[in-house]
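User: I am new to this structure. Please take me through the labels attached to it, and show the reasoning behind each one.

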Amino acid sequence: QDVGVVPSSAGMPHYPDKIEYSETYQDGQFEYRHVTLTKPIAEELYRTTQCRRLLVEREWRGLGVRQSPDWAHYEIHQPEPNVLLFRRPLGTDPTKRSVALQPWAPQPHRRLRRRVDRLGACCC
């Protein structure tokens with residue numbers, strides 16, 4: 001094969017045997033990571049959201065994603081909908097269990113938002 005020629009199978013999504021977590025990477029404002037879902041979990045994601053909206057923490061945890069609560073699903077990666085893109089502000093302490101709502105994070109439903117406001121932290 002010629003150098004630089006990508007085989008046609010390379011365009012297919014990668015489905016791991018178990019959920020895969022990338023190393024973190026950053027820009028000047030956020031720390032990022034991506035999470036690659038297995039095929040059955042990706043199919044469940046499509047059935048529930050049709051990959052048309054961001055997930056709140058309760059939803060991504062329900063799919064089996066395990067990470068500290070300060071991560072927010074911030075973008076849908078259309079070429080590979082089985083890859084969830086997460087971010088959190090630089091300097092976030094991952095040992096801190098209470099996370100204030102951030103303007104860049106998907107906001108919880110109205111009923112949960114009232115509960116969050118009253119308690120001062122997300123209770124999901």
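Analyst: What follows is a set of short answers on a predicted model, each setting a value against its cut-off.

User: How many aromatic pairs are there in the whole structure?

Analyst: A search of the whole structure finds four. One of them joins Y25 and Y32.

User: Why is the pair of Y25 and Y32 called stacked?

Analyst: Two values decide. The ring centres of Y25 and Y32 are 5.9 Å apart, and a pair needs centres within 6.5 Å. The planes make an angle of 20 degrees. Stacked requires under 30 degrees, so Y25 and Y32 count as stacked.

User: Is Y32 buried or exposed?

Analyst: Y32 is buried. Its relative accessible area is 10%, and buried means under 20%.

User: Why is Y25 called partly exposed?

Analyst: Y25 has a relative accessible area of 37%. Partly exposed lies between the 20% and 50% limits, so the label fits Y25.

User: What makes the pair of Y32 and Y74 tilted?

Analyst: The centres of Y32 and Y74 are 5.5 Å apart, with 55 degrees between the planes. Stacked needs under 30 degrees and edge-to-face over 60. The angle for Y32 and Y74 fits neither, so this pair is tilted.

User: How do you know that this pair links distant parts of the chain?

Analyst: Y32 belongs to strand β3, residues 30-36. Y74 belongs to strand β4, residues 72-76. The two are 42 residues apart.

User: Why does Y74 count as partly exposed?

Analyst: Y74 has 21% relative accessibility. Buried means under 20%, so Y74 falls in the partly exposed range.

User: Which residues form the aromatic cluster?

Analyst: Y25, F30, Y32 and Y74 form one cluster.

User: What makes R87 a charge over the face of F30?

Analyst: R87 lies 4.2 Å from the ring centre of F30. The distance limit is 6 Å. R87 is placed over the face of the ring.

User: Why is V56 called buried?

Analyst: V56 has 14% relative accessibility, and the cut-off is under 20%. So V56 counts as buried. V56 sits in the loop between α1 (39-49) and α2 (57-62). Its C-alpha atom is 7.0 Å from that of H73, 17 residues away along the chain.

User: Which residues touch the most other members of the largest nonpolar core?

Analyst: V35, L37, L45, L55, V65, L84 and F86 do, out of 14 residues. The largest share, three residues, comes from α1.

User: Which residues are in contact with L37?

Analyst: Beyond its neighbours within four places in sequence, L37 is in contact with residues including Y15, P16, L45, V65 and L84.

How values were computed: Residues are numbered from 1 along each chain as its sequence is written. This is a predicted model: local features need pLDDT of at least 70, side-chain atom pairs count only at pLDDT 80 or more; totals for chains, interfaces and linings use all residues. Side-chain values use heavy atoms; hydrogens and water are left out. Rings of Phe, Tyr and Trp (its six-membered ring) pair if their centres lie within 6.5 Å; planes under 30 degrees apart count as stacked, over 60 as edge-to-face and the rest as tilted. Buried means under 20% relative accessible area, exposed over 50%, partly exposed in between (1.4 Å probe, protein chains only). Helices (H or I, at least four residues) and strands (E, at least two) are DSSP runs, numbered from the N terminus. A charge sits over a ring if NZ of Lys or CZ of Arg is within 6 Å of the ring centre and within 35 degrees of the ring normal. A nonpolar core is a set of buried Ala, Val, Leu, Ile, Met, Phe, Trp, Tyr and Cys residues joined through side-chain atoms within 4.5 Å. Contact means heavy atoms within 4.5 Å.
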